[in-house]
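User: I should like to learn how to read strands and sheets in a protein model. May we work through an example together?

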Amino acid sequence: MSLSRIIDLLAPLRPASGPFIVGVTGSVAAGKSTFAQALADQLAAGGGRIELACTDGFLHPNAVLEARGALGRKGAPDTYDHAALRAALTAVRSGPAQFPAYSHVVYDIDPALTRTIAAPDALIIEGLTLRHPDTGPAGLLDALIYLDADEADLERWYVARFLELWEAAEHDPASFYARFRHMTREQTDGLARMVWRDVNLKNLHDHIIHARARADLVVAKAGDHSIASVSRP
């Protein structure tokens, strides 16, 4: 199914006035950022100003998570500043709002990447914590898309991304992944699979997957990241 068809299915959920706020959620490594960008491009082709944001920017900084003993559970619901996320999504409907950003290279919030977004025609926000009960009323989003995929594919995609960041860190000592450069590729692969199993898969089973039943559309992805099907939960 094409993105244009997905937009057609979302159209009845668009408010009569103000920004159309669409959430994209799903597991770590499901391809949320890529899908959100493609969806934004498709919407922009129809005219209007489209903005993108990510809930990762609302993670508590590493220093806060470390003090709380939660750094190893980054991505779980309690590692997000839900009040700040609610405030930003509320404010952007009528005026400028601050959307902080996260760097996967340094593995932390990067204040230099904070953006001001002011009442766009549509805002696509992607991330792990959308429609979790702690994020407040469902009215914060006009629509929610859940990206679904086989867990074996999710693990494969996660490990591939981890190894890419590890390889890129060879010449970037500021990268979070530089600390793993002393490891062999096989050791790094094993580390990535351990993190997937103990952190990301657990988060998927315990928290993220419950958003699927609350979503307006479920987009199932094939092993090559293509869209296999679109359905309502």
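User: Which residue in S7 does Gly23 stand opposite?

Analyst: Please note at the outset that this is a predicted model. Gly23 faces Ile125 of S7. The two belong to a longer pairing: strand S1 (residues 20-26) and strand S7 (residues 122-126) run parallel and are joined by five bridges.

User: In what order do the strands of the open sheet lie?

Analyst: The order is S2-S7-S1-S8-S9-S10, six strands with mixed pairing. At the edges are strand S2 (50-54) and strand S10 (227-231), each of which pairs on one side only. On average, neighbouring strands in this sheet are turned by 20° against each other, direction ignored.

User: Which residues of strand S3 lie on the covered face, and which on the uncovered one?

Analyst: The general idea is that side chains in a regular strand alternate between the two faces of the sheet. In strand S3 (residues 96-99), Ala97 and Phe99 form the covered face, whereas Pro96 and Gln98 form the uncovered one. S3 runs antiparallel to strand S6 (residues 115-118), with four bridges between them. Within S6, Arg115 is the bridge partner of Phe99.

User: Which residues touch the most other members of the largest nonpolar core?

Analyst: Phe99 appears again here, together with Ile6 and Ile145; these three touch the most other members of a core of 69 residues. The element that gives the most to this core is helix H5 (residues 151-168), with seven residues.

Methods:
Residues are numbered from 1 along each chain as its sequence is written. This is a predicted model: local features need pLDDT of at least 70, side-chain atom pairs count only at pLDDT 80 or more; totals for chains, interfaces and linings use all residues. Side-chain values use heavy atoms; hydrogens and water are left out. Two strands pair if DSSP finds at least two bridges between them. Axes are lines fitted to C-alpha atoms, for helices over the stretch in contact, and angles run from 0 to 180 degrees between N-to-C directions. A nonpolar core is a set of buried Ala, Val, Leu, Ile, Met, Phe, Trp, Tyr and Cys residues joined through side-chain atoms within 4.5 Å. Buried means under 20% relative accessible area, exposed over 50%, partly exposed in between (1.4 Å probe, protein chains only).
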